[in-house]
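Hi,

Here is the structure I promised to pass on. Please open it first, then read my notes below.

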Amino acid sequence: MNEHLKSMIDDNTFNEKVEEVKETHSSYIFLTKKHAYKIKKDVKYSFLDYSTLDQRKFFCKEEFRINKLLSPDVYIKVSALVREGNKLVLSDNGLPLEYTVVMKRIPERYIMRTLIEKNKISKENIEEIALKTLLFHKMSKVDSTGKYGSLANIKKNVMDNFKDLECYIGDLFSSDEFNTLIGKNLDFMVNNTALFDKRIKKGKIVQTHGDLHSGNIFVTPKDTYIFDAIEFNPGINTTDVAAEIAFLCMDLEFLGREDLSKIFSEKYILESNDKEIQKLLSFYKGYRACVRAKVYGYRISDENSARDLTKNYFYQALKYAGELK
């Protein structure tokens, strides 16, 4: 969607009053009282390509397919937007000018991160999230080729993070600390080559959520909903299930809730009988912390809090590196 088409959207488009419009780097989300309509921008980045209508249609359907496995009650359908006079409307008839993922709107007060801050997340909530994540992984596509689970690919992703953080040496952290982080991660990968290969053979590399953190989970009195899984790049979301578990664990620990992190990982490991996750957890938690450090590093010039967050996530990663064996 470009700005011209965006200007053609009003309350008549969805036959509901638009209460709010949110914007991300790749999408617009139009919020009504009952629904959220997510429309992809006409953009192209190194990691994402929504530059043609066919691409946006394809990735709307992929987003719906993947997320429907996680939260079937939230993800309703993919709908075309067609022109009617000077407006865009939802319709199955006519020439599609855009596509939207139609979702049930859940009040933002139920975002898990907000509830954690209010100390309103229970052991039962966490265990439910673990079970939903495990069920999702069992239904997901398995990468049996080793393309994404190979040690070479994992090493590339790890080193790419370090390259993006290198510019902060001497400012946010020291050269010795940076070299320690790299060295311990490289040693771990070398010492566990057989384990990484074994994970591929055991079918543990699957199409995961890819962005499993407390900002992408609703915990309501009736149910728990995991949403906004990554659909646009298999290189990001196709990974070891251990890396998925590590993301939420790292996020919870960053928020000071090591207790919830332990409940989550232990429940998943128990129910999946995948005890190897424990050997990989600190490694992948460190990887996820570096990803978050990198992401906030990109925002330092625009967001006041980004500098401290970049630094804090780096030291979180360094802490995990100290746990590697």
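**The loop histidine**

H213 sits in the loop that runs between strand 9 (205–207) and strand 10 (217–219). Keep in mind that this is a predicted model. Is H213 buried or exposed? Its relative accessibility is 8%, under the 20% cut-off, so H213 counts as buried. A polar atom of the H213 side chain lies 3.0 Å from the backbone nitrogen of G215. Beyond neighbours within four places in sequence, H213 is in contact with R113, F247, L248 and D251.

**F264 and the cores**

L248 turns up again in the contacts of F264. F264 belongs to helix 11 (residues 258–272). With 0% relative accessibility, F264 counts as buried. Which residues does F264 touch, not counting those up to four places away in sequence? They are I126, I129, A130, T133, L212, I245, L248 and C249. I230 is another matter: F264 and I230 are 34 residues apart in sequence, and their C-alpha atoms are 21 Å apart in space.

The largest nonpolar core has 65 residues. Within it, M112, F264, F283 and Y284 touch the most other members. Helix 12 (residues 277–298) gives this core its largest share, eleven residues. Another core lies apart from it, with 16 residues. Among them are C60, M103, I111 and Y225.

**Aromatic pairs**

How many aromatic pairs does the structure hold? There are 17. Two are worth opening in your viewer.

Take F14 and Y37. Their ring centres are 3.9 Å apart and their planes stand at 15 degrees, so the pair is stacked. The cut-off for stacking is planes under 30 degrees apart. This pair links distant parts of the chain. F14 is in helix 2 (residues 11–14), Y37 is in strand 3 (residues 35–40), and the two are 23 residues apart. F14 counts as buried, at 5% relative accessibility. Y37 counts as buried too, at 3%.

Then F173 and F314. Here the ring centres are 3.7 Å apart and the planes are at 10 degrees, so this pair is stacked as well. It also links distant parts of the chain, with the two positions 141 residues apart in sequence numbering. F173 lies in the loop between helix 6 (151–165) and helix 7 (175–191). F314 lies in helix 13 (residues 306–321). F173 is buried, at a relative accessible area of 3%. F314 is buried at 0%. Both rings belong to one aromatic cluster, formed by F162, F173, F178, F314 and Y315.

**The sheet**

Six strands make an open sheet in the order 1-2-3-8-6-7, with antiparallel pairing. Which strands form the edges? Strand 1 and strand 7 (87–90) do; each pairs on one side only. From one strand to the next, the twist averages 30 degrees.

Start at the strand 1 edge if you want to trace the pairing. Strand 1 (residues 20–23) and strand 2 (residues 27–31) run antiparallel and are joined by four bridges. A hairpin of three residues connects strand 1 to strand 2. E20 has L31 of strand 2 as its bridge partner. E23 stands opposite Y28 in strand 2.

Strand 3 links this part back to the aromatic pairs: Y37 is in strand 3, and strand 3 follows strand 2 in the sheet order.

Best wishes

Terms used: Residues numbered from 1 in each chain as written. Predicted model: local features only at pLDDT ≥ 70, side-chain atom pairs only at ≥ 80, totals over all residues. Heavy atoms only, no water. Pairing = 2+ DSSP bridges. Buried < 20%, exposed > 50% of the residue type's maximum accessible area, 1.4 Å probe, protein only. Polar contact = N/O pair within 3.5 Å; in protein donor to acceptor, adjacent residues only side chain to side chain. Contact = heavy atoms within 4.5 Å. Axes fitted to C-alpha atoms, helices over the stretch in contact; angles between N-to-C directions. Core = buried A, V, L, I, M, F, W, Y, C linked by side-chain atoms within 4.5 Å. Phe/Tyr/Trp six-rings, centres within 6.5 Å; stacked < 30°, edge-to-face > 60°.
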